[in-house]
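Reader: I'd like a close look at one helix here, checked against its ideal length, and then at what goes on elsewhere in the fold. Cut-offs too, please.

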Amino acid sequence: MNLEIRNKKWSDDEFLKVEKEVLATWPTGKDVNLTEAIDYHKRLPDHKVFTKKLNKAKAEGKTLIQPRAGVGLIENHIKLMQHLQDFGETDLLPTTIDSYTRQNQYENCAEGIRREKEMMASGNFHPLLNGFPAVNHGIAGCRQVCESVETPLQIRHGTPDARLLAEITLAGGFTSYEGGGISYNIPYAKNIPIEQTMKDWQYVDRLVGVYEANGVPINREPYGPLTGTLVPPCLSHAVAIIEAIVAAEQGVKNITVGYGQLGNLIQDVAAIRTLDELTNEYLQKFGYNDVNVTTVLHEWMGGFPADEAKAFGLIGWGAAAAALSKATKVIVKSPHEAYGVPTMEANAAGLRCTKQVVTMLQEQSIQGPRLQSEMAIIKAETRCILDKCFELGKGDWCQGAIAGINSGVIDIPFGPAKCNAGLMLPARDNDGAVRILNTGNLPFTDDLKNFHHDKLAQRAKVEGRDVSFNMVVDDVYAVGLGHLVGRPGMR
């Protein structure tokens with residue numbers, strides 16, 4: 001694709017030219033007035049500002065909890081947010097965006113809203129939209145939601161082109177915005193060029209930079225779990241750090257980098273600790289010295305047990321990993337994950353379960369040689385990927401990310417995007433830690449390749465089987481079946 005993209009801060013003229021085009025793509029865009037929106041944010045109390053609550057938690061060594069949730073109509077969404085705030089004991093609130101908005105299909109959103117309102121009036125309601133259509137509800141609708149609760153709100157979605165959504169929701173009072181040009185492409189899209197999404201997300205980050213330059217802190221969160229299925233820490237780390245660097249170039253000052261729980265406690269704790277360390281290291285190495293970095297652990301993103309008691313066990317295990325790793329926040333699952341969208345009562349129950357575990361473990365920590373060894377492996381692998389991308393980009397992180405993805409230096413397991421190489425294959429070792437069966441084009445040293453080979457050979461010996469693709473298949477389904485390593489004999 002012939003699209004010029006460099007890791008260089010957009011000029012005001014460049015941003016304003018594109019902004020005019022973006023705001024014209026749907027009628028609610030005409031209501032955006034950045035001067036008025038900035039004034040609105042400055043009137044928000046500190047306890048409703050996402051960044052301020054995150055930074056305070058990090059300074060105090062606390063782990064905050066946050067659900068996923070969103071429904072179509074404003075009044076129903078407010079009811080859901082208030083229930084999670086009051087009965088879920090949550091520290092941070094989401095607003096999950098619907099699938100039509102994620103594809104910029106605002107006409108379909110309008111029809112969904114119309115039909116849901118008709119059903120509400122008739123008393124025979126069932127949801128048609130699987131999230132909150134914020135673009136259609138506009139700034140006024142977003143402010144209704146934000147003003148209905150006393151908890152900071154974040155936009156969570158999965159939108160490759162999230163420019164108009166960012167304009168409306170930030171003007172609407174949301175103080176945190178999830179996503180990135182890589183993390184909202186490879187796991188979510190098939191045919192969208194990586195150059196296009198990275199360019200579109202530069203716009204989002206430049207918009208956040210405008211708010212920051214005017215004294216309004218907005219939290220930005222690259223999407224850490226990616227495909228959510230056996231993603232080795234080094235790959236999610238590399239994507240998060242690149243997205244943090246390109247966001248910082250556009251003026252973003254508050255970034256939360258994330259990671260999806262894999263299930264081995266030592267590896268999960270090592271992953272969050274190294275993610276924080278490496279993100280700060282690379283930001284400072286390239287001159288971004290004024291960025292506040294926080295971390296988020298996403299509870300298990302793979303298949304869930306259908307049995308609610310077992311589901312609560314998995315939720316609690318994720319909470320333990322978050323607390324012991326000292327993640328700044330944890331994204332919480334519900335006991336209804338195996339069935340689809342949870343009821344607000346089930347969502348709140350998952351939050352209370354997580355809150356209980358996090359509170360109990362707040363003063364505890366994990367140390368020891370196994371943790372240090374795992375941290376050293378993750379850091380070495382991540383640096384190999386990042387440094388190769390920087391080399392491929394000839395010193396430009398945007399160009400390096402694009403070249404890295406196209407060459408398989410960045411290779412996300414099970415990613416549907418055509419630009420993703422799909423050569424790398426993960427599998428668990430005998431302790432349940434995620435290793436790499438086929439490194440593909442990952443730029444690892446021979447020592448790192450041998451480490452993964454030996455770890456998987458140990459498992460194969462214990463299980464009396466060959467190291468093969470069958471391990472990958474077994475491991476994809478293992479947790480949903482009630483165990484960590486996909487050993488055939490345990491089914």
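Author: Helix H13, residues 344–361, has 18 residues, so at 1.5 Å a residue it should span 26 Å, and its end C-alpha atoms agree at 26 Å apart (the expected span being 1.5 Å times one less than the number of residues; helices are DSSP runs of H or I with at least four residues, strands E runs of at least two, numbered from the N terminus). Bear in mind that this is a predicted model, where local features need pLDDT of at least 70 and side-chain atom pairs 80 or more, while totals for chains, interfaces and linings use all residues. Numbering starts from 1 along each chain as its sequence is written, and side-chain values use heavy atoms, with hydrogens and water left out.

Plenty of H13 is buried (under 20% relative accessible area, with a 1.4 Å probe and protein chains only), including Ala346, Leu351, Cys353, Val357 and Leu361. Strand E1 (64–66), helix H4 (74–87), helix H12 (308–325) and strand E8 (329–331) are among what covers those buried residues, judged by contact, meaning heavy atoms within 4.5 Å.

Now for another helix, H11 (residues 265–285), which holds Leu278. That leucine, Leu278, is buried, at a relative accessible area of 0%. Setting aside neighbours within four places in sequence, Leu278 touches His237, Ile241, Lys379, Thr382 and Arg383. There's a long-range pairing here as well: Leu278 and Ile378 sit 100 residues apart along the chain, yet their C-alpha atoms are separated by 9.9 Å.

Notes:
Buried < 20%, exposed > 50% of the residue type's maximum accessible area, 1.4 Å probe, protein only.
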